[in-house]
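Biologist: I am new to this structure and would love a close look at a single part of it. Could you pick a stretch of the surface and walk me through it?

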Amino acid sequence: MSGDLDLSPPEVPEPTLFESLLRYGLFLGAIFQLVCILAIIIPTSKSHEQVETPEPVDTRGFENNKKTKAPVQQIRQKLKKESKKKR
């Protein structure tokens, strides 16, 4: 009975180059993910950030947009009238 049991360790094949690259790549990816998660969780100091003053709103640009839209609407209305005339 004692002769039937094989207590030697099983033979494990040597990992190939691809398997070892894959293994270490997965470890590096996991470490990178942990660093990203920690960067989100741990707040950074505010002393490095520069306080920006809000820029004044340029109202002339808004008025120009209104002016350019008016001719476009007129052109569309003319095209609609012409298409109705053709029918």
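**A nonpolar patch and its surroundings**

Modeller: Gladly! Let us start with Ile 37, Leu 38, Ile 40, Ile 41 and Ile 42, which together make a nonpolar surface patch of about 540 Å². Please keep in mind that this is a predicted model. One member of the patch, Ile 40, sits in helix α1, which covers residues 17–41. Ile 40 has a relative accessible area of 72%, and because exposed means over 50%, Ile 40 counts as exposed.

Now follow the helix itself. The 25 residues of α1 should span 36 Å at 1.5 Å a residue, and the C-alpha atoms at its ends are indeed 36 Å apart, so the two values agree. Helix α1 is also hardly covered, with zero buried residues among its 25.

Stepping back, the protein chain has two helices and zero strands. Of its 87 residues, 0% are buried. The chain exposes about 9,700 Å², and carbon and sulfur atoms supply 62% of that area.

For a patch of another kind, look at Arg 76, Lys 78, Lys 80, Lys 81, Lys 84 and Lys 85, which gather on the surface as a patch of positive charge. Among them, Lys 85 belongs to helix α2, residues 59–86. Lys 85 has 72% relative accessibility, and therefore counts as exposed.

Key: Residues are numbered from 1 along each chain as its sequence is written. This is a predicted model: local features need pLDDT of at least 70, side-chain atom pairs count only at pLDDT 80 or more; totals for chains, interfaces and linings use all residues. Side-chain values use heavy atoms; hydrogens and water are left out. Patches are made of residues with over 30% relative accessible area and no salt bridge: like charges are joined within 9 Å, nonpolar side chains (Val, Leu, Ile, Met, Phe, Trp, Tyr) within 5 Å. Accessible areas come from the Shrake-Rupley method with a 1.4 Å probe; for residues, only the protein chains shown count as cover. A salt bridge is a side-chain nitrogen of Lys or Arg within 4 Å of a carboxyl oxygen of Asp or Glu. Lys and Arg count as positive and Asp and Glu as negative; His and the chain ends are not counted. The place of a charge is taken as NZ of Lys, CZ of Arg, CG of Asp or CD of Glu. Helices (H or I, at least four residues) and strands (E, at least two) are DSSP runs, numbered from the N terminus. Buried means under 20% relative accessible area, exposed over 50%, partly exposed in between (1.4 Å probe, protein chains only). The expected span of a helix is 1.5 Å times one less than its number of residues.
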